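Work through these exercises with the structure in view. Try each task before you read its solution.

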Amino acid sequence: MNPSFHFIDFAILGIYALMLIVIGLWVSRTKKGQSKTAEDYFLASKSLPWWAIGSSLIAANISAEQFIGMSGSGFAGGLAIASYEFMAALTLIIVGKFFLPIFIKQGIYTIPEFIERRFSTNLKTILAIFWIALFIFVNLTSVLFLGGKAIDTIIGIGDGSMVTPAIIALALFAAAYSLYGGLSAVAWTDIIQVTLLIIGGLITTLIALHNVTPEGGVINGIAHVADIAGDKFDMILSRNHKEYNNLPGIYVLIGGLWVANLYYWGFNQYIIQRTFAAKSLKEAQRGIAFAAFLKMLIPFIVAVPGIIAWVMYSENLHDAQNAFQIAGSTILNNDNAYPWLISTFIPIGLKGLVLAALAAAIVSSLASMLNSTSTIFTMDIYKPYINKQASQTQLVNIGRITAAIALGIAVLLAPFLGGIDQMFQYIQEYTGLVSPGILAVFIMGLFWKKATNKGAIGGVLLSIPLALIFKILPLEMPFMDQMFYTCLITMSIIFMISLSTCPTDDDPKSIALTADMFKTDKVFNICAYIICILLAIIYTIFF
């Protein structure tokens, strides 16, 4: 056990956990004599206001893959990794204006349900299986592993002995309130979670800046980091940069990152599901705008600490008598950067709060993934194929059982992810095997009336072999470029197959789009303009 983690830190962590479980169970309770319906469990009774939606979107998104993985990428390559966050803010505005009105009008529970209405049950089932597998074998496992690894570094001695117990503890924590309460418990507790993770993240950044120079002081720290690691604040990497293959220069802004972001924020069930639970379209759009502003803060609490850790650690290597004492800790790889900062520099008492913030990020994402996995299985596989006459109570119970099984599988697999460097990039790369094809199907299905079911099925099934071909061929092509070309080729496949099967008429299931559908209110429009201006300023400064 790490001696720097004091009893008071454990007490703070325990109080946070107990408070969250109690609140989660309380907000999701049912009135006496009533039982939860599928809408109550999977869509929070469609009662969420904009501020709950925005908070929940960020809490679901920010997890160990950001705090640990993105900080690790910041340690390795600098601020360029923050393009995922900054461009996500713009992506959210696009999703809110152009995608969300169509989804809300359809009154759907799941993204696969939309596919069934636009194309066919067969394609819906194919994509539902894709998503369930992706959530369990990539998302849940990686978040659990990174969380366990972080706790091992902060509370343990960093030898890996606490990784598996920590994984089990995180899983039980997430299950304690999310399995019973459903999306209501997840979304309302996310308000607490996102507040805590932002406060905890800012504390870590400020303390790290204070400790990066012998003189101390946040302003001195900013000046020192800028002087020592100025090149790590380049947002657009040159071709000779060692991280170029992960973040390929200007093509980050005009290429594959759009595939990753549009897929993730627009068509990823565990993210978009909370907008389906909004009181109205206006509330959902304002919630997305709120999330976009919060998203702009994230690089400063996840990527920047990784850069600070690089400055501290590299200077320590060059000067053993440096004022920074590493206290026996060693950054064995990039993804240890953030836990190392917490373990080494955060004082007693605050350490428990910061770890609670990290746990909040991990647990909120786990809960969201579990809820969405169970929603897709229950509504898109169990109800249509296994029990068409299922009652509302049966649907809720199956949702809980599915979430428990998915969590159990992820717990068993998570420890085997050890040894992967830059976990954030690993997640993006392997999600990128399926996201280009799925994005192509949605873009064509939403905005091209001639897209047919045969074209969509052909496109999505060929997209994965196509992505694998790009990966195994000796092309030395960054994976973002692979995603971009895979998406474009898949769209071309859908185009050609659709025209060969329905050359003249619009598809009978095509969506009627009108200009009125995409009108947004003044609040959303003002937020969109401000986001665009802020992004222009950031990329001008850090280009």
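**Exercise 1.** In this predicted model, find what share of the contacts between residues at least 6 apart in sequence join residues at least 24 apart.

*Solution.* Take the contacts in the chain between residues at least 6 apart in sequence. Of these, 85% join residues at least 24 apart.

**Exercise 2.** Describe the fold elements and the overall dimensions of the chain.

*Solution.* Start with the elements: the chain has 22 helices and zero strands. Next, compare the radius of gyration with the globule rule. The radius is 23 Å, and the rule gives 24 Å for 543 residues. The two values are close, so the chain is as compact as a globular protein of that length. Then take the box along the principal axes: the C-alpha atoms fill roughly 75 × 60 × 45 Å.

**Exercise 3.** State how much of the chain is buried, and describe its accessible surface.

*Solution.* Count residues: 61% of the 543 are buried. Turn to the surface, which comes to about 20,300 Å². Carbon and sulfur atoms hold 67% of that area.

**Exercise 4.** Locate Ser71 and decide whether it is buried or exposed.

*Solution.* Ser71 sits in helix α4, residues 64-77. Its relative accessible area is 0%. The cut-off for buried is under 20%, so Ser71 is buried. Now leave aside neighbours within four places in sequence. The contacts of Ser71 are then Gln66, Val302, Pro305, Gly306, Ala337 and Tyr338.

**Exercise 5.** Classify the pair Phe103 and Phe267, and say which helices the pair ties together.

*Solution.* The whole structure holds 18 aromatic pairs. In the pair Phe103 and Phe267, the centres are 6.0 Å apart and the planes make 85 degrees. Angles over 60 degrees count as edge-to-face, so this pair is edge-to-face. Phe103 lies in helix α5 (residues 83-106) and Phe267 in helix α12 (residues 256-267), so the pair ties together parts 164 residues apart in sequence. Phe103 is buried at 1% relative accessibility, and Phe267 is buried at 0%.

**Exercise 6.** Do the same for Trp131 and Phe442, then place both in an aromatic cluster.

*Solution.* Here the centres are 6.3 Å apart, with 55 degrees between the planes, and the pair is tilted. Trp131 belongs to helix α7 (residues 121-154) and Phe442 to helix α19 (residues 435-447), so the pair ties together parts 311 residues apart in sequence. Trp131 is buried at 0% relative accessibility; Phe442 is buried at 1%. Finally, the cluster: Phe99, Phe103, Phe114, Trp131, Phe267, Phe276, Phe442 and Phe447 form one.

Methods. Residues numbered from 1 in each chain as written. Predicted model: local features only at pLDDT ≥ 70, side-chain atom pairs only at ≥ 80, totals over all residues. Heavy atoms only, no water. Helix = DSSP H or I, 4+ residues; strand = E, 2+ residues; numbered from the N terminus. Rg over C-alpha atoms; globule rule 2.2 N^0.38 Å. Buried < 20%, exposed > 50% of the residue type's maximum accessible area, 1.4 Å probe, protein only. Contact = heavy atoms within 4.5 Å. Areas by Shrake-Rupley, 256 points an atom, 1.4 Å probe, with all protein chains shown as cover. Phe/Tyr/Trp six-rings, centres within 6.5 Å; stacked < 30°, edge-to-face > 60°.
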